[in-house]
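Subject: Structure handover and notes

Dear colleague,

I am passing on to you the structure that we discussed, with its sequence alongside. Please open both before you read on, since the notes below are meant to be followed with the coordinates in view.

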Amino acid sequence: MIATTLALVRLDVPVTPDSAEAQQWIIQELSKPEYRAAQPTWFDRASKAFWDWLQSLKIDGGPGVQGPILIIALIVVVAALVAAFFIFGAPRLNRRSAGGGALFGDDDARDASAMRRSAEEAAARADWVLAIEEIFRSIARGLAERTLVTVSPGTTARDFALRAGTVLPAFSERLSAAASAFDDVRYLSRAGTEAVYRSASALESDLRAARPALSSAVTTP
């Protein structure tokens with residue numbers, strides 16, 4: 001009984017570690033998951049640094065003025081970031097997504113200018129069938145790159161002409177004629193002519209300079 005009591009007394013005696021042991025115990029304790037989870041994230045640190053910077057600004061006019069000025073400064077910074085995203089980020093993404101992929105049944109990663117050069121080279125060889133096909137493809141890809149008409153894999157030449165005519169009503173009839181010419185030489189095996197190519201080429205040039213009303217822009221479903 002006495003031995004048991006002495007053992008309990010020894011267990012209750014507080015342990016006094018040396019400095020090395022104390023440091024090791026602290027490290028082991030702080031390495032537990034609950035302590036790591038409580039540490040601030042990079043966003044917390046960045047937010048605190050930004051807020052500290054705002055509060056460090058010295059503005060004349062008394063303490064009652066500094067608070068509203070800081071809030072206005074914060075709003076201006078956030079608005080600038082949002083505006084930069086929409087002005088510089090979104091158009092770049094749009095151009096990348098529109099500048100390639102399926103076009104009237106074929107996978108084609110070329111841009112509009114490359115298709116236009118191909119059409120001109122075909123016309124120089126008097127290959128009017130290829131020239132008509134390529135210039136119409138250049139028309140479609142050019143409007144897609146400008147995000148005026150989005151061409152999906154299932155879009156036909158006539159569908160494209162109809163939608164493009166809605167965006168650019170002044171060119172509706174010429175777009176329909178160019179689509180018919182494209183279908184004639186590609187699917188009906190009809191001979192192309194120089195006159196048809198020149199008409200489509202002039203349309204392509206005019207469309208590059210056209211500026212439609214923003215409210216008229218449409219995309220394919």
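What follows is an account of what was found, beginning with the overall make-up and then turning to particular helices and side chains.

Please keep in mind throughout that this is a predicted model. The protein has 10 helices and two strands, and from the N terminus on these elements run in the order α-α-α-α-α-β-β-α-α-α-α-α. Of the 221 residues in the protein, 27% are buried, and the accessible surface comes to about 14600 Å², with 63% of that area belonging to carbon and sulfur atoms. Among contacts with a separation of 6 or more, 66% are between residues that lie 24 or more positions apart.

Helix α6

Helix α6 covers residues 112-124, and its 13 residues should span 18 Å at 1.5 Å a residue, which agrees with the 18 Å between its end C-alpha atoms. Its buried residues are A112, A114, M115, R116, S118, A119, A122 and A123, and these pack against β1 (102-103), α7 and α10. After the helix comes A126, which has a positive phi, near 65 degrees.

Helix α7

Helix α7 takes in residues 128-145, and for its 18 residues the expected span at 1.5 Å a residue is 26 Å, with which the 25 Å between its end C-alpha atoms agrees. The helix is mostly covered, in that 15 of its 18 residues are buried. It is followed by T147, where phi is again positive, in this case near 60 degrees.

One residue of α7 that deserves a look of its own is R137, which counts as buried because its relative accessible area is 4%, under the 20% limit. If its neighbours within four places in sequence are left aside, R137 is in contact with L103, F104, D106, R110, M115, F182 and R186.

Salt bridges

A search of the whole structure finds 12 salt bridges. In one of them D106 pairs with R137, the closest N and O atoms being 2.8 Å apart; since D106 lies in strand β2 (residues 106-107) and R137 in helix α7, this pair ties together parts that are 31 residues apart in sequence. The two partners are not covered alike, for D106 is partly exposed, with a relative accessible area of 29%, whereas R137 is buried at 4%.

D106 also forms a salt bridge with R186, for which the closest N and O atoms are 2.9 Å apart. That pair links distant parts of the chain, as R186 sits in helix α9 (residues 172-187) and D106 in strand β2, with their positions 80 residues apart. R186 is partly exposed, with a relative accessibility of 26%.

A further salt bridge joins the side chains of D184 and R190, at 3.3 Å from N to O. Here D184 counts as partly exposed at 21% relative accessibility, and R190 is likewise partly exposed, at 48%. Where salt bridges share partners, they join D106, D108, R110, E133, E134, R137 and R186 into one network, so when you inspect the D106 pairs it may help to display these residues together.

Aromatic side chains

Which residues form the tilted aromatic pair with 5.9 Å centre to centre? The structure holds seven aromatic pairs, and the tilted one in question is formed by W128 and Y197, with 35 degrees between the planes. This pair links distant parts of the chain, W128 being in helix α7 and Y197 in helix α10 (residues 194-209), 69 residues apart. W128 and Y197 are both buried.

Elsewhere, F104, F136, F160, F182 and Y187 form one aromatic cluster. Two of its members, F104 and F182, are named among the contacts of R137.

With best wishes

Definitions and conventions: Residues numbered from 1 in each chain as written. Predicted model: local features only at pLDDT ≥ 70, side-chain atom pairs only at ≥ 80, totals over all residues. Heavy atoms only, no water. Helix = DSSP H or I, 4+ residues; strand = E, 2+ residues; numbered from the N terminus. Expected span 1.5 Å × (residues − 1). Buried < 20%, exposed > 50% of the residue type's maximum accessible area, 1.4 Å probe, protein only. Salt bridge = Lys/Arg side-chain N within 4 Å of Asp/Glu carboxyl O. Phe/Tyr/Trp six-rings, centres within 6.5 Å; stacked < 30°, edge-to-face > 60°. Contact = heavy atoms within 4.5 Å. Areas by Shrake-Rupley, 256 points an atom, 1.4 Å probe, with all protein chains shown as cover.
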